[in-house]
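Please open the structure in your viewer and keep a selection box at hand, since this tour moves from one stop to the next by residue number.

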Amino acid sequence: MRKFLLSIAAFILFVLPSRGLDVSGNISANTTWFKTQSPYVITGNVTVLAGVTLIIEPGVTVQFSQTDNGTSQLVINGTLNANGNASDSIKFTGGALADIYLHNAQRGPVILESTSQNSVLRYIAVNELGYFISTPTLNCFVIRSSSAIIENSSFRNNHGTALSIENANPIVNNNFFTGSVNLDVAIGLNGLSNITGNNLLKVGLRNETMTITNALLPSNVYYYLLGNITIPVNKTLTIQAGVEVQFPESSNATSELIVQGTLNATGTVTDSIKFTGGVIHSAYLVNPQRGPIIIEASSQNSILRYAVIKELGY
């Protein structure tokens, strides 16, 4: 009988999954999160300090609790090494959001700060992070470090903008985005050339200083202004045939396309370029508007051919 009971106990220990670990606070020494101790449940903000590396093993699940006022964030000031693989990804996951008790319930975000160095995220799955009341300016995963790499990963069913790249030029390659409530990626014009090999994206254009010539390609669903976009003197923005640029409703002139340099927007007879607005809801904003597009006196050799300008104005 004693041998039989021991066998039952051993079986129970084997089949029951790990309850995981609750984590919060600062990580001040190099740390590894192990698959055998997964899931890691973010119950309060977790910050990896500068000069410190957090390694996350393949197969780990990082679960973000529902909280209010930004208290379930994973903030990386040091280095995040999250190298999953094709058969065993690393999951950053939230879950259903309910706002019954909280002002604006949220799960996450994950933030790689500008001090972060050489963070690598491969074969990660970012699922259901974000906000109960979601908007394009609320982000689920934020990168402010140009040395970061995100490859072969997926972003699914996130509330807000799935991935926001802020004043940085990381490598974002061969990822899949689906089910984003608002936008898939938000980025400044400088970083567009580093977003490669992904599926068709809903791209938000951030109000950042343009320092290089760049292009909007028809390989995305649309581009959406997240503030005034300015093409400076001596810089050129090329918009290729088939591209759609959306101007959101705003107040106090915060969705303008201002051309001080050169805008080359050349569509074709069969594939025009679309500058689109939509219905204006004056009940919510003071003098709401979409646009305008402004080509300043300093602009040289700007071209708009086969462009459709629709529902902009006040």
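What volume does the largest pocket have? The largest pocket has a volume of about 230 Å³. On a 1 Å grid over the protein atoms alone, a pocket is an open set of points with protein on both sides within 12 Å along at least five of seven lines, whereas a cavity is a set of points where a 1.4 Å probe fits but cannot get out, and lining residues have an atom within 4 Å of a point. Grid points are joined across faces, edges and corners, and a volume is the space filled by probe spheres set on the points.

Before you select anything, note that this is a predicted model, in which local features need pLDDT of at least 70, side-chain atom pairs count only at pLDDT 80 or more, and totals for chains, interfaces and linings use all residues. Residues are numbered from 1 along each chain as its sequence is written, and side-chain values use heavy atoms, with hydrogens and water left out.

**First stop: the largest pocket**

Select L192, I195, L217, S219 and N220, which are the closest to the centre of the largest pocket among the 16 residues that line it. Strand 21 (195-196) and strand 23 (214-216) each supply at least two residues of this lining; strands (E, at least two residues) and helices (H or I, at least four residues) are DSSP runs numbered from the N terminus. By class, the lining has eight nonpolar, eight polar and no charged residues, where Ala, Val, Leu, Ile, Met, Phe, Trp, Tyr, Cys and Pro count as nonpolar, Asp, Glu, Lys and Arg as charged, and the others, Gly among them, as polar.

**Second stop: the sheet that ends at strand 21**

Strand 21 also belongs to an open sheet of seven strands, with the order 2-4-7-11-15-18-21 and parallel pairing; two strands pair if DSSP finds at least two bridges between them. Strand 2 (31-33) and strand 21 are the edge strands of this sheet, and each pairs on one side only. Within the sheet, select residues 120-122 and 149-151, which are strand 11 and strand 15, paired in the parallel sense over three bridges, and look for R122, whose bridge partner in strand 15 is E151.

**Third stop: strand 24 and its partners**

Now select residues 222-225, strand 24, where Y222 and Y224 on one side and Y223 and L225 on the other are all buried, and both faces are thus covered; buried means under 20% relative accessible area, exposed over 50%, and partly exposed in between, with a 1.4 Å probe and protein chains only. Four bridges join strand 24 to strand 22 (residues 202-205), which runs parallel to strand 24, and there G204 stands opposite Y224. Two bridges join strand 24 to strand 27 (residues 244-246), also in parallel, and Y223 stands opposite V245 in strand 27.

Y224 and L225 also help to line the second largest pocket, together with residues including T135, P136, T137 and E249. About 160 Å³ of space lies in this pocket, and its lining divides into five nonpolar, five polar and one charged.

**Fourth stop: the cavity**

L225 and V245 are also among the residues that line the largest cavity, and you can add L205, L216, I229, L237, I239 and L257 to the selection. About 40 Å³ of space lies in this cavity, and its lining has eight nonpolar, no polar and no charged residues.

Two of these lining residues, I229 and L257, lead to the next sheet, for L257 in strand 28 is the bridge partner of I229. Three strands form this open sheet in the order 25-28-31, with parallel pairing. Strand 25 (229-231) and strand 31 (293-295) stand at the edges, each with a single partner strand, so one side of each is left without a neighbour in the sheet.

**Last stop: four loops**

P292 lies in the loop between strand 30 and strand 31, and the peptide bond from G291 to P292 is cis, with omega near 5 degrees. Another cis peptide bond joins G108 and P109, with omega about 5 degrees.

N234, in the loop between strand 25 and strand 26 (236-239), has a positive phi of about 70 degrees although it is not a glycine, and at 69% relative accessibility N234 counts as exposed.

Finally, select S272 in the loop between strand 29 (262-266) and strand 30 (273-276), which is buried, with a relative accessible area of 16%.
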